[in-house]
Amino acid sequence: DFPAIERTMVSHFSGHGILMDNLWCFSMRGCAIGANRGDGLRMSGADGYIIDTWISGNSGAGIRAQHGTGSTTVTANRIEWNHGGGILCAAAWNWNITGNCIDRAGGAGIQLTPAGSPEDGPSCYGFTITGNTILRCGAPLAGRQLVSPRETAGVVLEWCKGLVFSGNTISAGRHDAGHGGELTPEYGMVLGHLDGAVIRGNVLWQGAFKQLILDLGDHGSELVLAENPGSLAQA
């Protein structure tokens, strides 16, 4: 326990850039993790800080938190061009995700889902997600075929309890300048099975969305979903 990784570059490995397996009280600051064939950071454990770090161009997700990862703060990072998504959490708890730039993910920029069957419990609970820029996600990177709305969305939030998602910007865009390509994402947010949640005051902009919010329904009695303006794609 208690590892601290600072000012370290981890790149071009055949597996994950960093694997933290059931570690507690960890921190990562000022690092660069890129072009690895697995996830940039795959983690389980609790009580962690990920700050001021670049996580770029990995074949898997930028950050993948496996079942039971808790009490983690992710702030002021640039998480970009990861083929398997930006920040993916399965059955995690008590996270703070604030002030990150999540750009051009091959899948959702932020995704909270169950680890297995939803009947086993909520996918994630006690999450505060504020002030992030989620740009050009849901992109078909490295020739991947993205089919489902969950893959072609900026944000996916399902089976969550005790969630605040507020003050974020979900933007559409193409490939880098001069390379063209389709505008992504198709869906701003995919939501379903939420309870004790506030989804409010987010902006979905640049007029490229097939649907701003795909609401799968089946929510609990305590859901606030309001004031999330945006514009659909033009014909």
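What follows is a set of questions and answers about a predicted model.

User: Let's start with Ser56. Is Ser56 buried or exposed?

Analyst: Ser56 sits in strand E7, which covers residues 54-56. Its relative accessibility is 18%, and the cut-off for buried is under 20%. So Ser56 counts as buried.

User: Which side chain does the side chain of Ser56 make a polar contact with?

Analyst: Leaving aside residues up to four places away in sequence, Ser56 touches Ile33, Gly34, Ala35, Glu80 and Asn82. Within that set, look at the side chain that comes to 3.1 Å in a polar contact. That partner is Glu80.

User: And how far apart in space are Ser56 and Leu112?

Analyst: In sequence, Ser56 and Leu112 are 56 residues apart. Going C-alpha to C-alpha, the spacing between Ser56 and Leu112 is 20 Å.

User: On to strand E6. Why is E6 largely enclosed by the rest of the structure?

Analyst: Strand E6 takes in residues 41-51, eleven in total. It is largely enclosed because of how many of those are buried, and that count is eight.

User: Which residue in E6 stands opposite Trp24?

Analyst: Strand E3, residues 18-24, runs parallel to E6, and five bridges join them. Trp24 has its opposite number in E6, and that residue is Ala46.

User: What about strand E4: which residue in E6 stands opposite Ser27?

Analyst: E4 spans residues 27-29 and is also parallel to E6, with three bridges joining the two. Opposite Ser27 in E6 you'll find Tyr49.

User: Which residue in E8 is the bridge partner of Leu41?

Analyst: E6 pairs with strand E8 (residues 63-65) in the parallel sense, over three bridges. For Leu41, the bridge partner in E8 is Ile63.

User: How many bridges pair E6 with strand E9?

Analyst: Strand E9 covers residues 70-75, and its pairing with E6 is parallel. One of the residue pairs to look at is Ile51 with Thr75 in E9. The bridge count for E6 and E9 is five.

User: Now some backbone oddities. Which strand does Asp47 lie in, given its positive phi?

Analyst: Most residues other than glycine have a negative phi. Asp47 is not a glycine, yet its phi is positive, at about 65 degrees. At 31% relative accessibility, Asp47 counts as partly exposed. The strand it lies in is E6.

User: What is the phi of Asn94?

Analyst: Asn94 is found in strand E12, residues 93-98. It is partly exposed, with a relative accessible area of 39%. Asn94 isn't a glycine either, but its phi is positive, at about 55 degrees.

User: Is the peptide bond from Thr184 to Pro185 cis or trans?

Analyst: Most peptide bonds are trans. Pro185 is in the loop between strand E19 (169-171) and strand E20 (187-192). With omega near 5 degrees, the bond from Thr184 to Pro185 is cis.

User: How much accessible area do Val164, Val198 and Val224 have together?

Analyst: Val224 is in strand E24, residues 223-226, and is partly exposed at 33% relative accessible area. Val224 forms a nonpolar surface patch with Val164 and Val198. Together, the accessible area of the three is about 160 Å².

User: Time for charges. Which residue forms a salt bridge with Arg42?

Analyst: The whole structure has eight salt bridges. In the one with Arg42, the closest N and O atoms are 2.8 Å apart. Arg42 is partly exposed at 22% relative accessible area, while its partner is buried at 2%. That partner is Asp39.

User: How many residues apart in sequence are the parts that Asp103 and Arg136 tie together?

Analyst: Asp103 and Arg136 form a salt bridge, with closest N and O atoms 3.0 Å apart. Asp103 lies in strand E13 (residues 101-103) and Arg136 in the loop between strand E16 (133-135) and strand E17 (153-158), so the pair ties together parts separated in sequence by 33 residues.

User: What is the N to O distance in the salt bridge of Glu158 and Arg150?

Analyst: Glu158 is buried, with 6% relative accessible area. Arg150 counts as partly exposed at 39%. Their side chains meet in a salt bridge with an N to O distance of 2.7 Å.

User: Last one: which residues do salt bridges that share partners join into one network?

Analyst: Asp103 is buried at 3% relative accessibility, and Arg136 is buried too, at 9%. Both belong to the network, whose full membership is Arg78, Glu80, Asp103, Arg136 and Asp176.

How values were computed
Residues are numbered from 1 along each chain as its sequence is written. This is a predicted model: local features need pLDDT of at least 70, side-chain atom pairs count only at pLDDT 80 or more; totals for chains, interfaces and linings use all residues. Side-chain values use heavy atoms; hydrogens and water are left out. Helices (H or I, at least four residues) and strands (E, at least two) are DSSP runs, numbered from the N terminus. Buried means under 20% relative accessible area, exposed over 50%, partly exposed in between (1.4 Å probe, protein chains only). Contact means heavy atoms within 4.5 Å. A polar contact is a pair of N or O atoms within 3.5 Å; within protein, one must be able to donate a hydrogen and the other to accept it, and residues adjacent in sequence count only if both atoms are side-chain atoms. Two strands pair if DSSP finds at least two bridges between them. Patches are made of residues with over 30% relative accessible area and no salt bridge: like charges are joined within 9 Å, nonpolar side chains (Val, Leu, Ile, Met, Phe, Trp, Tyr) within 5 Å. Accessible areas come from the Shrake-Rupley method with a 1.4 Å probe; for residues, only the protein chains shown count as cover. A salt bridge is a side-chain nitrogen of Lys or Arg within 4 Å of a carboxyl oxygen of Asp or Glu.
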